[in-house]
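Please open the model in your viewer and keep the selection panel at hand. The stops below are meant to be followed in order, with one selection at a time.

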Amino acid sequence: MATVTFDHVWKRYSGDVVAVQDLNLDIRDEEFLVLVGPSGCGKTTSLRMIAGLEEVTDGTLKIGERVVNDLAPKDRDVAMVFQSYALYPHMSVRDNLSFGLKLRKVPKPEIERRVQEAAKILDLGALLDRKPKQLSGGQRQRVALGRAIVREPAVFLMDEPLSNLDAKLRAQTRAQILRLHQRLATTFVYVTHDQIEAMTMGSRIAVMSAGLLQQVGPPQELYDHPINKFVAGFIGSPAMNFIEMTASRSDGKVQLTSQDFTFPVPDRLRESVAALSGNTVTVGIRPEHLELGEAKPGDATLRATTDVVEYLGDEEQIHLRAGETEIIALVNSSARVRPGDVLELRVPIDRVHMFDDQSGLSLTSRELAAA
Ligand SMILES: Nc1ncnc2c1ncn2[C@@H]1O[C@H](COP(=O)(O)OP(=O)(O)O)[C@@H](O)[C@H]1O
Ligand SMILES: [Mg+2]
C-alpha cells in the first residue's frame with residue numbers, strides 16, 4: 001500500500017518562514033497526484049518531506065500505514081526525480097542507472113535485470129555506454145527517470161522534471177511519464193508550476209498557494225467548480241476573466257452592476273448575492289465561454305471594443321475593453337474579428353462563476369456543496 005498521508009503537517013524554516021501550513025492531504029494508492037501552484041507556494045518542500053529530505057516541523061506524515069516523520073530517506077521506499085536531473089557526469093548511463101542499487105547491495109543479476117527493464121521502457125538501450133555529456137536534454141531526463149524506475153519504489157516523487165526541456169520534448173516526455181504510470185501502477189506525486197501540465201497529467205490535482213492547500217480534485221472538477229478565486233484564476237488558460245461588480249437589492253430585484261455592465265443574477269444565486277447587498281461580488285467568466293452572436297434568453301451579455309486579436313489557427317484570442325474593464329475572449333477564428341470592432345459577447349448564465357470579494361470564496365460552488 002503506497003498511500004501518502006499528510007495529517008496537519010507544518011513546515012517552518014529557520015527565520016520564521018512558514019513554507020507549508022497545516023497540510024491535510026490523502027494521496028491514494030496508484031494515483032497520479034499533481035501538486036501545482038506558483039513559485040514559492042511550498043510544492044518542493046512538501047515533496048521533500050515525503051522523500052525525507054526535509055524534516056516535518058509539526059503534524060504526521062505517513063507512507064502506507066507507517067509514520068515516517070523520523071524514518072531515514074533510504075528506508076522510505078520512495079524515489080525522487082529532480083528538476084536538475086543530478087546525473088553523475090563521469091559515469092556511463094548504465095552506471096548512473098545501477099549506482100544506487102549497488103550502494104544498496106542489490107545482487108548483480110538483479111541489477112542487470114532492472115537496468116535492462118528500465119532501458120527498454122525508456123528506450124535507452126543504445127545509450128547505455130554513453131556519458132551524460134554525450135546525451136541531449138531529453139535523453140538525460142530519461143536517464144534521470146530510469147534511475148528512479150530501477151529502484152522499483154512504492155512512490156515516485158517528481159519535482160518539475162520537464163522544466164528544462166523545450167516545448168515539443170516536454171509534450172513527448174509528458175506522455176511518456178503517463179505511460180510509465182499506467183505501466184508501473186505505482187503512486188506518483190508530481191510537482192509543477194504549470195497548470196496545463198497539471199490538467200493534462202493529474203488523476204487528481206492539489207492546488208497550493210502561499211503554503212496553503214486550496215483545493216484537491218480531478219482536473220474537471222477544479223475547472224468546473226473552483227472553490228475560490230485563486231483556483232479559478234490559476235486553473236484554465238487563458239485565465240478566467242474577473243469583473244468586480246456591486247450587489248444590490250431593490251424592489252425585490254437582485255442585481256450586479258459596475259460602471260461598465262449590468263449583470264443578471266441567476267435564480268439559484270439570488271439569495272447568496274442578495275445577502276451580499278452593498279458589497280463587491282467578483283464575476284468570473286472563462287474566455288472560452290464567451291460567444292459571439294445573438295443572445296438566447298437567460299444569457300448574460302457584455303458589450304466591449306476589440307483592442308488586439310491574436311490569431312491561433314483554429315481559434316483567435318481577442319483582447320477587449322469596456323471602460324475600465326479588460327476582457328479576453330477565445331472564439332472560433334472564422335469570426336475574423338478586427339481591432340476596433342465593437343462586439344456583443346454573450347455567456348450562458350450557468351457558466352458564470354461568482355465570488356464573494358471579501359473571502360474569495362465561490363458562491364457558485366458553495367451552492368453546489370449545499371446541494
Ligand atoms: N532551505 C530553506 N530555508 C528557508 N526557506 C526556504 C528553504 N527552502 C524553501 N524555503 C522557502 O519556503 C517557501 C516554499 O518554498 P518551495 O517549497 O521551494 O516552493 P515551490 O517549490 O512551490 O516553489 C518559499 O518561501 C521559500 O523561499
Ligand atoms: Mg519548487
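The tour goes from the domains to the ligand, then to the sheets, and ends with some backbone details.

**Stop 1: the two domains**

Bear in mind throughout that this is a predicted model. Begin by colouring residues 4-228 as domain 1 and residues 234-370 as domain 2, which are the bounds given by the domain assignment of the protein chain. If you place a marker at the centre of each domain, taken over C-alpha atoms, the two markers are separated by 38 Å. Where the domains meet, ten residues of domain 1 are in contact with ten residues of domain 2. On the domain 1 side, select helix H6 (195-201) and helix H7 (219-224), each of which supplies at least two of the residues that touch domain 2. H6 contributes the largest share of that side, with three residues. Sorted by class, this side of domain 1 has seven nonpolar and three polar residues, and no charged residues.

**Stop 2: the shell around the ligand**

Select ligand 1 next, and show the residues that surround it: Tyr-13, Val-17, Ala-19, Gly-37, Ser-39, Gly-40, Cys-41, Gly-42, Lys-43, Thr-44 and Thr-45. Two elements give two or more residues to this shell, namely strand S2 (17-27) and helix H1 (43-51). Which of the elements gives the most to the shell around ligand 1? It is H1, with three residues. By class, the residues of the shell divide into four nonpolar, six polar and one charged.

Stay with H1 and display its side chains: Lys-43, Thr-45, Ser-46, Leu-47, Met-49 and Ile-50 are buried in this helix. Just after H1, Gly-52 takes a positive phi of about 90°.

From the ligand, move to S2 and add strand S1 (residues 4-13), which pairs with S2 in the antiparallel sense over seven bridges. To find one of the partners, select Lys-11, whose bridge partner in S2 is Val-20. S1 and S2 form a hairpin with three residues between them, and Gly-15 in the turn has a positive phi of about 85°.

**Stop 3: a mixed sheet of six strands**

Now select the six strands that form an open sheet in the order S6-S7-S8-S3-S9-S10, and note that the pairing is mixed. Strand S6 (78-81) and strand S10 (212-217) are the edge strands, each pairing on one side only. Looking across the sheet, you can follow a twist that averages 15° from one strand to the next.

At the S6 end, S6 and S7 run parallel and are joined by four bridges. Met-80 is a convenient residue to pick here, as its bridge partner in S7 is Leu-157. Add helix H4 (residues 137-149), which packs on the sheet and touches S6 and S7, with a direction that makes about 175° with that of S6.

**Stop 4: an antiparallel sheet of five strands**

Go on to a second open sheet, which is formed by five strands in the order S15-S19-S16-S17-S18 with antiparallel pairing. Strand S15 (291-292) and strand S18 (325-332) stand at its edges and have a single partner strand each, so one side of each is left without a neighbour in the sheet. S15 is joined by two bridges to strand S19 (residues 342-347), and these two strands run antiparallel. Selecting Glu-291 shows the residue that stands opposite Arg-346 in S19.

**Stop 5: backbone details in the loops**

For the last stop, show the backbone atoms and keep in mind that most residues other than glycine have a negative phi, and most peptide bonds are trans.

- Lys-105 is found in the loop between helix H2 (93-103) and helix H3 (108-122). Although Lys-105 is not a glycine, its phi is positive, at about 60°. Lys-105 counts as exposed because it has 6 C-beta neighbours inside 10 Å, where the cut-off for exposed is 12 or fewer.
- Glu-160 has its place in the loop between strand S7 (155-159) and helix H5 (167-184). Phi of Glu-160 is positive, near 45°, in a residue other than glycine. With 19 C-beta neighbours inside 10 Å, Glu-160 counts as partly exposed, where 20 or more would make a residue buried.
- Pro-238 lies in the loop between helix H8 (229-234) and strand S11 (241-250). The peptide bond that joins Ser-237 and Pro-238 is cis, with omega about -5°.

How values were computed. Residues numbered from 1 in each chain as written. Chains lettered and ligands numbered in written order. Predicted model: local features only at pLDDT ≥ 70, side-chain atom pairs only at ≥ 80, totals over all residues. Near = placed C-beta within 6 Å. Nonpolar A, V, L, I, M, F, W, Y, C, P; charged D, E, K, R; others polar. Pairing = 2+ DSSP bridges. Domains from an automatic or database assignment. Contact = placed C-beta atoms within 7 Å. Axes fitted to C-alpha atoms, helices over the stretch in contact; angles between N-to-C directions.
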